[in-house]
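Thanks for sharing this one. Here are my notes, in the order I would go through them with the model open.

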Amino acid sequence: MNLKLVGRTLGIIWTLEALFMLPSLGLAIYDREPGVIRAFLITIGLLLLLSGGLWLLCRSKQSEPSYTREGMVTVGFSWISMSALGCLPFCISGQIPSYVDALFEMVSGFTTTGASILRDVEALSRALLYWRSFSHWLGGMGMLVFILAVVPGSRHAAGYNLNLMRAESPGPSVSKLTPRMGQTAKTLYFLYFILTVLCVIFLLAGGMPLFDSLCTAFGTAGTGGFGIRNDSMAGYSPYLQNVCTVFMALFGVNFGVFYLLLLKQLSAVFRDEEVRMYFGILIVSTLLITLNIMPMTDGGFWASLRHAAFQVSSITTTTGFCTTDFNLWPSFSKAILFTLMIFGACAGSTGGGIKTARLLILMKEMRRNIRRTLRPRSVQTIRVNERPIDENVVRGVNAYMAAYWALILTSFILVSLDGFSFETNLSAVIACFNNIGPGFDMVGPAANYADFSNGVKLILTADMLLGRLELFPLLTLFSRYTWSRKL
């Protein structure tokens with residue numbers, strides 16, 4: 001295990017986290033909030049002190065080469081540590097006194113879940129609201145991808161960099177858009193930044209204040225869903241809600257598709273099976289829910305369509321913004337939303353869930369098994385976009401799904417110890433594991449997670465991290481094989 005390589009990366013992560021807190025510190029100074037200023041200064045100082053100490057310990061290079069496990073371990077420790085340290089401003093300022101609550105809130109931000117323990121969001125200072133929302137933007141594409149984009153790498157670290165991106169990026173497989181991993185990361189963040197800026201511009205054009213536009217765009221881009229109002233997006237105009245609907249759907253698309261659009265390869269985009277399936281699910285689900293809720297919605301068909309499209313886009317991309325309390329919708333509409341919670345968005349997007357790509361591969365694998373049952377000697381190859389899928393990817397999808405359901409069922413049983421309703425417990429686990437935020441019943445869009453015990457909050461916190469990192473980077477931390485010298 002090349003621990004010095006892992007340590008140097010952690011030091012960079014903590015330094016960047018301190019730098020990213022500076023805008024929030026500036027906002028606290030502007031708003032003259034001494035308690036919040038002190039909280040950010042202490043946290044920034046601690047981050048820089050720890051990163052400096054780690055850098056001194058790991059400054060000399062270790063001759064041992066890096067393997068896949070270094071990438072997994074780095075990603076796991078990075079997300080745990082930046083959440084554990086990033087929540088300190090909430091605690092030190094006293095605006096979220098409980099460390100467990102603050103950790104839950106921060107992990108929810110970085111993992112782009114949007115689940116909250118806050119009963120009154122608007123009581124938070126603007127500086128903390130900004131940091132809370134900006135954590136979505138950082139977590140959406142990933143801090144380690146950011147490092148690959150801005151920190152010059154060496155040829156010797158090329159394999160390590162690829163393992164970092166594979167461990168942090170969502171999807172059954174990760175490929176390079178360009179020959180060099182650093183250039184791929186820069187391309188991804190360029191697309192991410194441009195789309196975020198466009199979202200801010202459209203929100204400003206609709207009359208949303210600058211602070212609201214930035215925080216909303218961070219949540220939309222990262223598909224996070226932290227609102228800065230107690231009613232989420234319900235109090236904004238239909239135009240602003242429609243802007244978020246469109247951009248949530250766009251951020252749920254694989255960023256490789258936007259790269260193809262830059263290259264003007266439109267035919268490749270239209271042939272992409274995952275994209276066609278993703279938008280097909282969005283359209284069909286929206287129409288079905290529209291027809292189902294129309295009798296109970298003021299404003300008729302168009303109002304129903306607006307609310308349905310917003311919630312379908314929000315839940316499918318695992319954003320979690322709300323324009324209405326869908327907990328009050330008919331069972332048919334709630335069943336569709338619950339199913340969309342599991343499906344999620346495209347691989348290579350900022351969305352969560354099992355991903356449309358995995359769903360596509362699972363459907364093709366099921367069809368192949370049916371054919372093999374009828375014709376045992378036939379050779380069947382799974383193809384996506386007319387390209388054969390490596391059998392290792394198929395096995396990886398099956399392993400992921402087995403671990404996914406095992407962890408969800410285990411979490412569901414443990415969360416049920418608090419004694420809340422079946423619907424509350426199951427939807428809370430699904431919503432946290434798939435990084436959605438709101439669930440049903442006591443964790444619906446008009447409620448929060450404050451009533452759970454500290455033990456259950458920690459379980460749900462772990463679920464959020466497991467879901468964002470797609471299980472294995474965290475699971476490897478608890479494997480003896482990871483720390484074995486015989487590897």
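The numbered points below go through salt bridges, a helix crossing, a surface patch, and some individual residues.

1. A word on the source before the details: this is a predicted model. Please read each point below with that in mind.

2. Let me start with the charged pairs, where the count comes to 10 salt bridges. As general background, side chains of opposite charge can pair when their charged atoms come close. I picked out three pairs and one network to look at with you.

3. The first pair to bring up on your screen is aspartate 101 with lysine 457, a salt bridge whose closest N and O atoms are 2.7 Å apart. Aspartate 101 belongs to helix H6 (residues 99-110) and lysine 457 to helix H21 (residues 454-468), so this pair ties together parts that are 356 residues apart in sequence. Are these two partners buried or exposed? Aspartate 101 is buried, and lysine 457 is buried too.

4. Helix H6 also supplies glutamate 105, whose side chain meets that of arginine 132 in a salt bridge (2.8 Å, N to O). With glutamate 105 in helix H6 and arginine 132 in helix H7, the pair ties together parts that are 27 residues apart in sequence. Here again the partners are out of the open: glutamate 105 and arginine 132 are both buried.

5. Helix H7 comes up once more with arginine 126, which forms a salt bridge with aspartate 31; the closest N and O atoms are 3.0 Å apart. Aspartate 31 sits in the loop between helix H2 (22-30) and helix H3 (34-57), while arginine 126 is in helix H7 (residues 126-141), so parts that are 95 residues apart in sequence are tied together. How accessible are the two ends? Aspartate 31 is partly exposed, at a relative accessible area of 25%, and arginine 126 is partly exposed as well, at 32%.

6. To close the charged part, do have a look at Lys355, Arg358 and Glu470, which are linked in a network of salt bridges.

7. On helix packing, I would turn to helix H15 (residues 273-293) and helix H18 (residues 356-374), whose axes come within 9 Å and cross at roughly 105°. Angles of 65 to 115 degrees count as roughly perpendicular, and H15 and H18 are therefore described as roughly perpendicular to each other. On the H15 side the contact is made by Glu273, Glu274, Met277, Tyr278 and Ile281. H18 contributes Thr356, Ala357, Leu359, Leu360, Met363 and Lys364.

8. Now for the surface. A nonpolar patch is formed there by Phe190, Phe193, Ile194, Val197, Leu198, Ile201, Phe202, Tyr239, Leu262 and Leu263, which together have about 880 Å² of accessible area. Which helix gives the most to this patch? Helix H10 (residues 181-205) does, with seven residues. One of the other members, leucine 263, is placed in the loop between helix H13 (255-262) and helix H14 (266-271). Leucine 263 counts as partly exposed because its relative accessibility is 43%.

9. Two backbone conformations deserve a glance. In general, most residues other than glycine have a negative phi. Threonine 112 has a positive phi of about 60° although it is not a glycine, and asparagine 435 likewise has a positive phi of about 60° without being a glycine. Threonine 112 lies in the loop between H6 and H7, whereas asparagine 435 is in the loop between helix H20 (422-433) and H21. Threonine 112 counts as buried, with 2% relative accessibility, and asparagine 435 is buried with a relative accessible area of 2%.

10. Serine 232 is worth a stop in the loop between helix H11 (210-221) and helix H12 (238-251). At 13% relative accessibility, serine 232 counts as buried, because the cut-off for that label is under 20%. What does serine 232 touch once neighbours within four places in sequence are left aside? The contacts are Phe321 and Cys322. The C-alpha atoms of serine 232 and threonine 324 are separated by 8.9 Å, although these residues are 92 residues apart along the chain.

11. Finally, threonine 43 in helix H3 is buried, with a relative accessible area of 1%. Apart from neighbours within four places in sequence, threonine 43 is in contact with Met21, Leu85, Leu88, Pro89 and Ile92.

Conventions:
Residues numbered from 1 in each chain as written. Predicted model: local features only at pLDDT ≥ 70, side-chain atom pairs only at ≥ 80, totals over all residues. Heavy atoms only, no water. Patch = residues over 30% accessible without salt bridge, like charges linked within 9 Å, V, L, I, M, F, W, Y side chains within 5 Å. Areas by Shrake-Rupley, 256 points an atom, 1.4 Å probe, with all protein chains shown as cover. Salt bridge = Lys/Arg side-chain N within 4 Å of Asp/Glu carboxyl O. Helix = DSSP H or I, 4+ residues; strand = E, 2+ residues; numbered from the N terminus. Buried < 20%, exposed > 50% of the residue type's maximum accessible area, 1.4 Å probe, protein only. Axes fitted to C-alpha atoms, helices over the stretch in contact; angles between N-to-C directions. Parallel < 35°, antiparallel > 145°, perpendicular 65-115°, else oblique. Contact = heavy atoms within 4.5 Å.
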